[in-house]
Amino acid sequence: MLTIEVTTGGNIIDHFEYMPPGAMGLDMIPNDSGTVLRPALFIKTDKSMRGSFGANPQINIRVAPFALNDVYLFSLMVKIGREWYLESWLNYHADGGLGLQLFEGLANQMHIPVIILDEGTEIVAAYEVKNSLRYGFKDYLKVLDTTEPWTMGEFDMAKAMVLGTLPRLDIMWGMHPKPPSLKIGLEVTLGK
């Protein structure tokens, strides 16, 4: 059984209070023994979405990496059932070291918790999904460890530029059937 312990105040669930259904994010939560933090996906839903998931939904996870001006971006995509595609963007150099923690967790954890929130911020379901991304993230860490850090502003600017060129999420899902190398994806170099 999956046990989720989330403290109140200052965690990702607080941020979901004002987000629309379909929003997804990642945070670190304690494992079942409470000794190690591991990445978990949080998805805000509404009654209609949850109804279409069913009691035991099929949940799949993929990643699409992109490089823009020496900034690496990772779209973590989730498909629930047949019709729901969600994404969250990962920044290896996120402020406070959270990016590194997420990447290391995604490279080492066998399973990824997926926590479903209701229209507010209540947890209504929690699942564990086999982490099919582990080996891809091990490779990503090897490359990212050698990169020059980028700022949040540079990441946000690169993400905005990449988002302007990407197809719909369901199409992008089909373009990335397994964890690709960092050489796959959009690569653009702009003059500095």
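This report describes how strands, a helix and nonpolar cores are arranged in a predicted model.

**The open sheet**

Four strands make up an open sheet in the order 1-2-6-7, with mixed pairing. At its edges are strand 1 (24–30) and strand 7 (123–130), each of which pairs on one side only. On average, neighbouring strands of this sheet are turned by 30 degrees against each other, with direction ignored. Helix 3 (residues 98–108) lies across strand 1, strand 2 and strand 6 (111–117), and runs at about 80 degrees to strand 1.

**Two antiparallel pairs**

The table sets out two strand pairs, with one pair of opposite residues for each.

| Strand pair | Bridges | Opposite residues |
|---|---|---|
| Strand 1 and strand 2 (residues 37–44), antiparallel | 7 bridges | Ile29 and Arg38 |
| Strand 4 (residues 71–80) and strand 5 (residues 84–90), antiparallel | 7 bridges | Ile80 and Trp84 |

Strand 4 and strand 5 form a hairpin with 3 residues between them, and Gly81, which belongs to the turn, has a positive phi of about 65 degrees.

**The nonpolar cores**

In soluble globular proteins, nonpolar side chains tend to be buried together. The largest nonpolar core in this model holds 49 residues, and Leu41, Leu73, Leu90 and Phe137 are those with the most contacts inside it. Strand 4 gives the most to this core, contributing 8 residues. Apart from this core lies another one, of 9 residues, among them Phe16, Ala23, Ile115 and Leu117. When its neighbours within four places in sequence are left aside, Phe137 is in contact with Val63, Leu90, Phe103, Leu106 and Ala107.

Technical notes: Residues numbered from 1 in each chain as written. Predicted model: local features only at pLDDT ≥ 70, side-chain atom pairs only at ≥ 80, totals over all residues. Heavy atoms only, no water. Pairing = 2+ DSSP bridges. Helix = DSSP H or I, 4+ residues; strand = E, 2+ residues; numbered from the N terminus. Core = buried A, V, L, I, M, F, W, Y, C linked by side-chain atoms within 4.5 Å. Buried < 20%, exposed > 50% of the residue type's maximum accessible area, 1.4 Å probe, protein only. Contact = heavy atoms within 4.5 Å. Axes fitted to C-alpha atoms, helices over the stretch in contact; angles between N-to-C directions.
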